[in-house]
Amino acid sequence: MPPMLRSTTNFAPMAANPSRSDRLSLMAIHAHPDDEASKGAGTVARYSHEGVHTVLVTCTGGEAGDILNPAVDTDEVRERLADVRMEELLRAVEIIGYDVLHLLGYHDSGMPDTEHNQRNDNFANADNDEVVGKLVELIRLEKPQVILTYDDSRFYPHPDHLKVHEVSVPAFDAAGDPDAYPDAGEPWQPAKLYYTGFSKRRVMAMHEAFERLGVDSPFKERIVDISELHDDFTTLIDIRDHIDVRRDALLAHATQIDPESHWMSLSEEVMREVIPWGGVRPGAQPRRHRRNR
Ligand SMILES: [Zn+2]
């Protein structure tokens with residue numbers, strides 16, 4: 001059965017879904033539009049399909065991204081790239097089945113030594129306490145039992161991805177602390193913080209599938225390093241019924257994903273066979289908070 005798709009009219013940034021009080025809640029924190037499609041899309045689709053209230057927090061607008069699909073690399077798209085990326089994000093959010101999208105509104109920080117990276121309004125340069133405060137407010141509003149975020153892996157050292165980790169961990173802790181951010185709502189301590197993202201097991205499975213099909217593996221250059229990494233994903237979530245969601249959500253990001261690229265050359269059938277799971281590993285543990293008097 002396909003995942004339940006929700007209409008865009010249900011997206012209500014900064015307002016909780018009124019029916020959510022009796023539902024379990026899952027929050028995913030991502031850096032850019034398209035990260036929600038490439039990381040954890042199948043997992044979120046499954047929980048959404050099972051009736052869990054699913055919340056996406058996207059920290060930046062992805063304004064520093066290049067257009068990676070020649071088919072849509074036109075003057076018109078280039079001129080309104082920020083708007084186009086937001087439209088793509090809304091489509092992907094609908095495909096995955098997120099109930100709510102919260103935009104933190106920071107500018108994409110780009111890679112080090114770029115113009116974007118120098119901007120005062122970018123995510124990487126934002127004050128950590130300020131960002132943590134915003135996340136705390138959203139956690140207390142949405143009351144997630146589980147938060148999905150990034151680890152501190154240098155495998156993809158984009159400043160915005162590292163920042164997501166840097167602010168998510170303290171926000172997970174502060175949300176339940178009555179002394180922290182007292183103006184940001186009633187304390188709420190999520191039970192679990194999980195890291196998504198890089199998985200050696202996933203990369204190796206995809207690499208072998210590329211080789212088997214005789215397609216140039218995008219991992220070829222780094223596969224020896226990758227094969228030596230420790231794999232610490234502890235929890236595999238069965239997403240075989242939601243494989244199409246990840247693919248469709250990625251393709252919704254037309255400026256970022258070239259449908260002809262070798263990344264997209266593994267069919268749904270192959271993906272269902274080689275990686276019918278989403279992987280996560282536990283991050284920080286919840287602390288017991290006592291009010292400081
Ligand atoms: Zn990203």
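**Close-up views of the predicted model**

Strand β6 (residues 235-238) pairs with β7 in the antiparallel sense over four bridges.

**Figure 1. Pairing around strand β7 in the predicted model.** In the pairing of β6 with β7, Ile237 is placed opposite Gly278 of β7. Strand β7 (residues 277-282) is also joined to β5, by two bridges, and these two strands run antiparallel. Here Tyr195 faces Arg281 in β7. Strands β4 and β5, by contrast, run parallel and are joined by five bridges; Val146 stands opposite Lys192 in β5.

**Figure 2. The open sheet of seven strands.** The strand order is β3-β2-β1-β4-β5-β7-β6, and the pairing is mixed. The edges are formed by β3 (100-106) and β6; each has a single partner strand, so one side of each is left without a neighbour in the sheet. From one strand to the next, the twist averages 25°. Strands of a sheet pair through backbone hydrogen bonds, either parallel or antiparallel.

**Figure 3. The protein chain as a whole, for orientation.** The secondary structure comprises eleven helices and seven strands. The radius of gyration is 19 Å, close to the 19 Å given by the globule rule for 293 residues, so the chain is as compact as a globular protein of that length. Along the principal axes, the C-alpha atoms fill a box of roughly 65 × 40 × 40 Å. Of the 293 residues, 41% are buried. Among contacts with a separation of 6 or more, 81% link residues 24 or more positions apart.

**Figure 4. Helix α7 and its surroundings.** Helix α7 (residues 159-174) has 16 residues, which at 1.5 Å a residue should span 22 Å; the end C-alpha atoms are 23 Å apart, in agreement with that value. Twelve of the 16 residues of α7 are buried, so the helix is largely enclosed by the rest of the structure. The buried residues include Pro159, Asp160, His161 and Lys163 towards the start of the list, and Phe172, Asp173 and Ala174 at its end. The elements covering the buried residues of α7 include the strands β1 (25-30), β2 (53-60), β4 (146-150) and β5 (192-196), together with the helices α5 (115-118) and α6 (128-142).

**Figure 5. Ala171 and the nonpolar cores.** The largest nonpolar core has 55 residues, of which Ile96, Ala171 and Ala249 touch the most other members. Helix α6 gives the most to this core, with seven residues. Leaving aside neighbours within four places in sequence, Ala171 is in contact with Val132, Leu135, Val136 and Ile139. Apart from the largest core lies another, of eight residues, including Ile239, Ile243, Leu266 and Ile275.

**Figure 6. The environment of Thr60 in strand β2.** Thr60 has 29 other C-beta atoms within 10 Å and is therefore buried, the threshold being 20 or more. Not counting residues up to four places away in sequence, Thr60 touches Ala31, His32, Tyr106, His107, Asp108, Phe123 and Asp160. Thr60 and Tyr106 are 46 residues apart along the chain, yet their C-alpha atoms are separated by 4.6 Å. Another of these contacts, Asp160, is among the buried residues of α7.

**Figure 7. Pro276 in the loop between α11 (268-274) and β7.** Pro276 has 17 C-beta neighbours inside 10 Å and so counts as partly exposed. Not counting residues up to four places away in sequence, Pro276 touches Asp238, Ile239, Arg240 and Ile243. Two of these residues, Ile239 and Ile243, belong to the core of eight residues. Pro276 and Tyr150 are 126 residues apart in sequence, and their C-alpha atoms lie 21 Å apart in space.

**Figure 8. Helix α2 and the residue Gly51.** Eight of the nine residues of helix α2 (residues 41-49) are buried, so this helix is largely enclosed by the rest of the structure. The buried residues are Ala41, Gly42, Thr43, Val44, Ala45, Arg46, Tyr47 and Ser48. Just after α2, Gly51 takes a positive phi of about 100°.

Terms used. Residues numbered from 1 in each chain as written. Predicted model: local features only at pLDDT ≥ 70, side-chain atom pairs only at ≥ 80, totals over all residues. Rg over C-alpha atoms; globule rule 2.2 N^0.38 Å. Contact = placed C-beta atoms within 7 Å. Expected span 1.5 Å × (residues − 1). Pairing = 2+ DSSP bridges. Axes fitted to C-alpha atoms, helices over the stretch in contact; angles between N-to-C directions. Core = buried A, V, L, I, M, F, W, Y, C linked by C-beta atoms within 7 Å.
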